[in-house]
Amino acid sequence: QSARRLRELGLIDVSLKVLQDLHANPPPQNFSLVDRFMQVRERTLSCLQSHNSESCLSSSKTSHLAAGLQMISSVDMSGLSRDQRAEIFRIRAVLMESTGVEPFMVHDMFAKAVQ
């Protein structure tokens with residue numbers, strides 16, 4: 001929750017630091033699938049928002065996008081709801097588009113999001 005609020009306030013670096021700290025300390029076994037989904041979602045959205053930030057260096061932008069794309073691509077979608085899977089595909093498509101992936105591949109990913 002706090003990472004989301006920080007991201008919405010434009011404090012991308014702080015948001016990523018909070019999420020990085022969460023990632024460094026593995027969640028407890030009872031950490032729900034929804035909580036894991038939200039954590040990955042916030043990290044990828046922060047990477048995307050960091051990419052769009054004026055203050056971010058070009059090399060840093062590329063590394064943030066690559067990290068976000070790698071993270072979202074590694075999500076195990078079994079057990080996620082239909083809406084959550086659609087959100088994963090949507091974010092993946094936006095990240096792909098930002099990294100310059102072929103438009104037809106991006107379109108295919110957006111199509112999967114709405115199915």
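## Salt bridges and core of an all-helix chain

The structure holds four salt bridges. Please keep in mind as you look around that this is a predicted model. We will start with the overall fold, then follow the charged residues, and finish in the nonpolar core.

The chain's secondary structure amounts to six helices and zero strands. Read from the N terminus, its elements go α-α-α-α-α-α. The chain has 115 residues, and 37% of them count as buried. If you take the contacts between residues at least 6 apart in sequence, 50% of these join residues at least 24 apart. The accessible surface is about 7200 Å², with carbon and sulfur atoms accounting for 55% of this area.

Now to the charged residues. Side chains of opposite charge can pair when their charged atoms come close. Three of these pairs are set out here, each with its N to O distance.

| Residue pair | Closest N to O distance |
|---|---|
| Arg41 and Glu42 | 3.1 Å |
| Arg41 and Glu87 | 2.9 Å |
| Glu87 and Arg90 | 3.0 Å |

What does the salt bridge between Arg41 and Glu87 tie together? Arg41 sits in helix H3 (residues 33-52) while Glu87 sits in helix H5 (residues 82-98), so their pairing links parts that are 46 residues apart in sequence. Both ends of this bridge are covered: Arg41 is buried with a relative accessible area of 18%, and Glu87 is buried with a relative accessible area of 14%. Glu42, which also meets Arg41 in a salt bridge, is buried as well.

The bridge from Glu87 to Arg90 stays inside one helix. These two residues are three apart in H5, so about one helical turn separates them. Arg90 is partly exposed, and its relative accessible area is 32%. Through shared partners, the salt bridges join Arg41, Glu42, Glu87 and Arg90 into one network.

H5 deserves a visit of its own. This helix has 17 residues and spans 24 Å from its first C-alpha to its last, close to the 24 Å expected at 1.5 Å a residue. Its buried residues include Glu87, which takes part in the network, along with Ile88, Phe89, Ile91, Val94 and Leu95. Polar names also appear among the buried residues of H5, including Gln84 and Arg92. After the helix comes Gly100, which has a positive phi, near 85°.

Which residues touch the most other members of the largest nonpolar core? In this core of 21 residues, they are Ile72, Val75, Met77, Leu80, Ile88 and Leu95. H3, helix H4 (58-73), H5 and helix H6 (103-114) each contribute at least two residues to this core. H5 gives the most, with seven residues.

Leu80 is a good place to look at the packing around one of these core residues. Setting aside neighbours within four places in sequence, Leu80 is in contact with Leu33, Phe37, Val75, Arg85 and Ile88. Among these partners, Val75 and Ile88 are also listed with the core residues that touch the most other members.

Taken together, H5 links the two themes of this tour. It carries Glu87 and Arg90, and it supplies seven residues to the largest nonpolar core.

Note on methods. Residues are numbered from 1 along each chain as its sequence is written. This is a predicted model: local features need pLDDT of at least 70, side-chain atom pairs count only at pLDDT 80 or more; totals for chains, interfaces and linings use all residues. Side-chain values use heavy atoms; hydrogens and water are left out. Helices (H or I, at least four residues) and strands (E, at least two) are DSSP runs, numbered from the N terminus. Buried means under 20% relative accessible area, exposed over 50%, partly exposed in between (1.4 Å probe, protein chains only). Contact means heavy atoms within 4.5 Å. Accessible areas come from the Shrake-Rupley method with a 1.4 Å probe; for residues, only the protein chains shown count as cover. A salt bridge is a side-chain nitrogen of Lys or Arg within 4 Å of a carboxyl oxygen of Asp or Glu. The expected span of a helix is 1.5 Å times one less than its number of residues. A nonpolar core is a set of buried Ala, Val, Leu, Ile, Met, Phe, Trp, Tyr and Cys residues joined through side-chain atoms within 4.5 Å.
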